[in-house]
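Student: Please take me through this model, starting with its packing.

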Amino acid sequence: MKKLLLIIVLITTGIAQAQTNFEKGMSKAFDLWQANKTDEAENMFERIAKAEPKQWLPHYYIAQINSLKSWGAKDETVLKAQLDKAQKHIDEAMLISENNAELLVMQAHVYSNWVAFDGMTYGMKYSAKIAELYEKALALDPSNPRAAFGKAEWAMGSAIYFGKDTAPYCKAIEASIELFNTFKPKSKLHPNWGKERAVAVAKDCKA
């Protein structure tokens, strides 16, 4: 009985220690990112992803970093390398966590990077998929503010492109801000970004 109790204690202590190491590593990566040491942060997330094969979050943030790097990219070779890497880690994260609204939103962002780079080439390929991803994300998690805002912003961009009224989408963006105000991430490591962008777009609506 004593041996069994000792084994249980050792196992639970090991799990707690692993969780602590994961949290410490992720926090360090966030600190590097916040200090504009993006490459160092990405490298840290990659090491965590290898050490923690059952965690989807490191893959998510690697994808996000590469998506953010790609906005405004002019060199298609560089863009492709970044977005291919983002896609690889989204795919790996989806194998770990199926039907995850946050991952669907990130996938929509990566497709949007392609459209932003060359709308004539990639618009037909990805536009419908982007809208579908936001719809699916909202179906999975109706209170997710990133899904709600992403859907509204994408629809607004399409309306502007085709010369349609954007007022309904401005209202949807205002509604997403309310979701941001009440949203509570599952932990301090989980996605909790996007409100600043939503507020900025809402201000442009009123301008």
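The turns below cover the cores, one tyrosine and two loop residues.

Tutor: This is a predicted model, in which local features need pLDDT of at least 70, side-chain atom pairs count only at pLDDT 80 or more, and totals for chains, interfaces and linings use all residues. Residues are numbered from 1 along each chain as its sequence is written, and side-chain values use heavy atoms, with hydrogens and water left out.

Student: Which helix supplies the largest share of the largest nonpolar core?

Tutor: A nonpolar core is a set of buried Ala, Val, Leu, Ile, Met, Phe, Trp, Tyr and Cys residues joined through side-chain atoms within 4.5 Å; buried means under 20% relative accessible area (1.4 Å probe, protein chains only). The largest one has 42 residues, with Met26, Phe45, Tyr61, Trp114, Tyr126 and Ile130 having the most contacts inside it. Helices are DSSP runs (H or I, at least four residues), numbered from the N terminus. The largest share of this core, 10 residues, is from α5.

Student: Which residues does tyrosine 61 contact, leaving aside neighbours within four places in sequence?

Tutor: Contact means heavy atoms within 4.5 Å. With those neighbours left aside, the partners of tyrosine 61 are Met26, Phe30, Trp33, Phe45, Leu189, His190 and Pro191.

Student: Is asparagine 36 buried or exposed?

Tutor: Asparagine 36 lies in the loop between α1 and α2 and has a positive phi of about 65°, although it is not a glycine. Exposed means over 50% relative accessible area. At 70%, asparagine 36 is exposed.

Student: What is the relative accessible area of asparagine 99?

Tutor: Asparagine 99 is in the loop between α4 and α5, with a positive phi of about 50°. Asparagine 99 is exposed, and its relative accessible area is 56%.

Terms used. Helix = DSSP H or I, 4+ residues; strand = E, 2+ residues; numbered from the N terminus.
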